[in-house]
Amino acid sequence: MPDDFPKATFAGGCFWCLESEFRKQTGVVYTVSGYAGGHVEHPSYEQVSQGRTGHAEALEIYYDPDKTDYQTLLDHFLRRAHDPTTKDAQWVDHGSQYRSAIFYHDDAQKKIAEDTIARINAEKIYKNPIVTEVTAAPTFWPAEDYHQQYYEKYEDRTGQAHVRVIAKEKIKSEKYGTK
């Protein structure tokens with residue numbers, strides 16, 4: 001992991017879907033799928049996916065501050081990468097391990113997150129208010145290697161995009177008029 005870049009940590013459903021959203025964003029230099037916010041050290045995917053550890057599937061995003069900033073990543077997270085108005089669920093995934101969360105790394109990130117949520121709620125772009133939790137970044141446990149860049153590995157192996165990538169792009173295209 002590149003220690004010389006700032007990072008953002010978000011949770012918003014399946015980390016595969018979240019990772020695929022951010023790996024194509026300008027300025028993102030590295031991503032790590034993993035687990036955050038639970039009570040078990042070194043949790044496994046099996047434990048987290050069964051909801052036994054309190055962790056959320058999360059993503060650490062390392063970014064180049066000369067090409068993007070925390071606000072831009074946060075706006076993408078809250079406006080396009082997932083549904084921040086659904087508690088403990090995204091698409092077909094249900095349970096607290098799929099909750100929407102912003103794990104801030106300093107007071108500046110906390111303020112930006114809280115202000116952004118308030119602004120988006122005031123804009124009323126969603127029918128329901130944002131339920132994303134804003135919490136100090138806990139220990140982040142990287143997921144097993146086979147979870148890293150999962151959709152990219154899937155496409156390399158099969159020669160086609162994963163069905164979730166196809167479905168999500170279709171929904172985004174219908175909602176936003178773009179891919």
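β1 and β6 run antiparallel and are joined by four bridges. The model is predicted. β1 also pairs with β3, again in the antiparallel sense, over five bridges. Two cavities of 30 Å³ or more turn up in a search of the whole structure. One loop residue, Gln97, is buried at 5% relative accessibility.

**Strand β1 and its partners**

- Strand β1 covers residues 7-12.
- Five of the six residues in β1 are buried, so the strand is mostly covered, with buried meaning under 20% relative accessible area.
- Ala11 has Ala101 as its bridge partner in β6.
- On the β3 side, Lys7 stands opposite Tyr62.
- Strand β3 spans residues 56-63.
- In a regular strand, side chains alternate between the two faces of the sheet.

**Gln97 in its loop**

- Gln97 sits in the loop between β5 (93-94) and β6 (100-104).
- Why does Gln97 count as buried? Its relative accessibility is 5%, and the cut-off for buried is under 20%.
- Leaving aside residues up to four places away in sequence, Gln97 touches Val48, Ser49, Gln50 and Gly51, along with His55, Ala56 and Glu57.

**Largest cavity**

- The volume of the largest cavity is about 70 Å³.
- Its lining includes Gly12, Cys14 and Cys17.
- Ala81, His82, Gln90, Trp91 and Asp93 also line the largest cavity.
- Arg164 and Lys168 complete that lining.
- By class, the lining of the largest cavity holds four nonpolar, three polar and three charged residues.

**Second largest cavity**

- The second largest cavity has a volume of about 40 Å³.
- Which helices each supply at least two residues of its lining? They are α1 (15-23) and α6 (163-176).
- α6 gives the largest share of this lining, with four residues.
- Among the lining residues of the second largest cavity are Cys17, Ser20, Glu21 and Lys24.
- Tyr151, Arg164, Val165, Lys168 and Glu169 line the second largest cavity too.
- Five charged residues, three nonpolar and one polar make up the lining of the second largest cavity.

**Residues listed for both cavities**

- Cys17 lines the largest cavity and also the second largest.
- Arg164 and Lys168 appear in the lining of the largest cavity and in that of the second largest.

Notes
Residues numbered from 1 in each chain as written. Predicted model: local features only at pLDDT ≥ 70, side-chain atom pairs only at ≥ 80, totals over all residues. Heavy atoms only, no water. Buried < 20%, exposed > 50% of the residue type's maximum accessible area, 1.4 Å probe, protein only. Contact = heavy atoms within 4.5 Å. 1 Å grid on protein atoms, 1.4 Å probe; cavity = no way out; pocket = protein on both sides within 12 Å on 5 of 7 lines; lining within 4 Å. Points joined across faces, edges and corners; volume = space filled by probe spheres on them. Nonpolar A, V, L, I, M, F, W, Y, C, P; charged D, E, K, R; others polar. Pairing = 2+ DSSP bridges.
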